[in-house]
Amino acid sequence: MRLLVTGGAGFIGSNFISYVLEHTSHSVINLDALTYAGNLENLAEVEKDPRYRFVHGDVADVEILESVFSMKPEAVIHLAAETHVDRSILESGAFVRANVNGTHRLLEIGRRHGVWKFIHVSTDEVYGSLGSTGRFTESSPLQPNSPYSASKAASDLLVRSYFQTYSFPAVITRCSNNYGPCQFPEKMIPLMICNAMDGVPLPVYGDGGNIRDWIHVSDHCAALVRMLEVGEPGEVYNIGSDNQRDNLSLVREILCILGKPESLIQFVADRPGHDRRYAIDSSKIRHALGWSPKIQLPEGLARTVQWYRDHPTWVERVRTGAYRTYYRKMYHQRDRTLSSL
Ligand code: NAD
Ligand code: TYD
């Protein structure tokens, strides 16, 4: 089958493309705008594969979409998005443009050209925040709290409407927090690993008691391939691997793996509207699709730390001047004593 993967140069997209080319016979067109988060270096090992093709462009650009759909992809895996909550708090316009308008254009052109299946990669963050008990199920209400999660909820609901209104064959997935190789070090796990490797402070927001439910990106990729094969259009599937941790414990685990002192931890001002706890009930995908995760957090975290240790050039290249400017802006507002990288 010919797949159109949007956002394939990002963290999950590049892991997904490598996974598909290794484990299936599908071919892949990767449509990516190469924002600060897109990095073709993530795909260096597959760029010469005859089943892989890269197209540089924006999912909100109708002309580009027309030319990509003229290649007749049979299925779409839509990952392209602005993805970082903290950036969405600083500047939400880019999130509305990419996540809402971009998804809308893709749906319109996909509908006109016709596709066999459209997988929309949404997020558990559309559900908002949990109290001290319970988990998100597919029927939990959507109560997004950040501009990022609100833009994802808007696109999630647009996708739903295209199934209801036009019988567009869309499946929605809502996955928990991913970690693994090639994740841009603005997100918590790679940021903490990179800072710890450099011996600079690890900025923990608030009291460090916020809880996230972590899944290794390779388990997410396997779930998306399964979704392609047997996911039911019109259905929503949570994806998670039942590995909840509070942020402070996770940061301590990273320091322990790297043999670095806990004195590197620095508590800084909290994120506005910070969701307290995520926990995902993924029994539907486990029963309906026969998928289950293979990697538990302690093993996955050790492997991820090793990946960052083994790829100093990758780390150096992504932590460019633009990254340092971002870091200074984001973290000096949280704690003026935090030194630049
Ligand atoms: P990422 O930020 O690492 O990558 C996003 C990619 O999309 C980049 O390559 C970027 O260049 C591209 N992109 C951005 N705007 C674009 C546009 N307008 N047109 C074309 N390409 C564009 O993100 P990620 O962590 O790999 O997340 C991928 C998807 O998975 C997103 O939709 C995100 O909401 C969803 N998701 C992520 C997580 C997570 O923990 N990372 C969890 C659940 C769902
Ligand atoms: P993040 O990786 O940004 O994912 P999300 O907010 O989408 O869940 O953050 C994960 C958790 O880590 C979240 O509770 C915020 C916290 N965090 C920090 O404490 N310090 C940091 O520098 C970052 C980036 C995140």
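In this predicted model, a backbone N or O atom of Leu79 lies 2.8 Å from an oxygen atom of ligand 1, and that contact is a convenient place to enter the structure. Two further backbone contacts to ligand 1 can be followed from there: a backbone N or O atom of Val59 lies 3.0 Å from a nitrogen atom of the ligand, while a backbone N or O atom of Leu34 lies 3.4 Å from one of its oxygen atoms. The surroundings of ligand 1 comprise 28 residues, of which the closest are Ile12, Asp32, Thr83, Tyr148 and Lys152.

To place these residues in the chain, it helps to turn to the domains. The protein chain is divided into domain 1, which covers 2–179 together with 214–239, and domain 2, which is assembled from 188–211, 244–273 and 295–331. Taken over C-alpha atoms, the centres of the two domains are separated by 25 Å.

What do the two domains share where they meet? Contact is made between 16 residues of domain 1 and 21 residues of domain 2, and the area buried between the domains is about 1,600 Å², with 57% of it on carbon and sulfur atoms. On the side of domain 1, Asp86, Tyr179 and Trp214 supply 40% of the area that this domain buries against domain 2, which is more than any other three residues supply.

The polar side of this interface can be described in a similar way. Between domain 1 and domain 2 there are six residue pairs in polar contact, counting pairs in which both residues have pLDDT 80 or more. Helix 3 (85–90), strand 9 (211–216) and helix 7 (217–230) each supply at least two residues of the side of domain 1 that touches domain 2, and among the contributors helix 3 gives the most, with five residues. Sorted by class, that side of domain 1 has five nonpolar, six polar and five charged residues.

Salt bridges add a further level of detail. The structure holds 17 of them, and the count between domain 1 and domain 2 is two. In one salt bridge of the structure, the side chains of Arg271 and Asp86 meet at 2.7 Å, N to O. Because Arg271 lies in the loop between strand 12 (265–268) and helix 9 (283–289), whereas Asp86 lies in helix 3, the pair ties together parts that are 185 residues apart in sequence. Asp86 thus appears both in this salt bridge and among the three residues that supply 40% of the area that domain 1 buries against domain 2.

Arg271 also leads to the second ligand. Ligand 2 is surrounded by 19 residues, and Arg271 is listed among the closest, together with Glu125, Arg212, His274 and Tyr331. For three of these residues a side-chain contact can be given: an N or O atom in the side chain of Glu125 is 2.5 Å from an oxygen atom of ligand 2, a polar side-chain atom of Arg212 lies 2.7 Å from an oxygen atom of the ligand, and a polar side-chain atom of Tyr331 likewise lies 2.7 Å from an oxygen atom of ligand 2. Arg271 is therefore a residue to follow from the salt bridge with Asp86 in helix 3 to the surroundings of ligand 2.

Conventions. Residues numbered from 1 in each chain as written. Chains lettered and ligands numbered in written order. Predicted model: local features only at pLDDT ≥ 70, side-chain atom pairs only at ≥ 80, totals over all residues. Heavy atoms only, no water. Domains from an automatic or database assignment. Contact = heavy atoms within 4.5 Å. Buried area = accessible area lost by both parts, 1.4 Å probe. Salt bridge = Lys/Arg side-chain N within 4 Å of Asp/Glu carboxyl O. Polar contact = N/O pair within 3.5 Å; in protein donor to acceptor, adjacent residues only side chain to side chain. Helix = DSSP H or I, 4+ residues; strand = E, 2+ residues; numbered from the N terminus. Nonpolar A, V, L, I, M, F, W, Y, C, P; charged D, E, K, R; others polar. Near = heavy atom within 4 Å.
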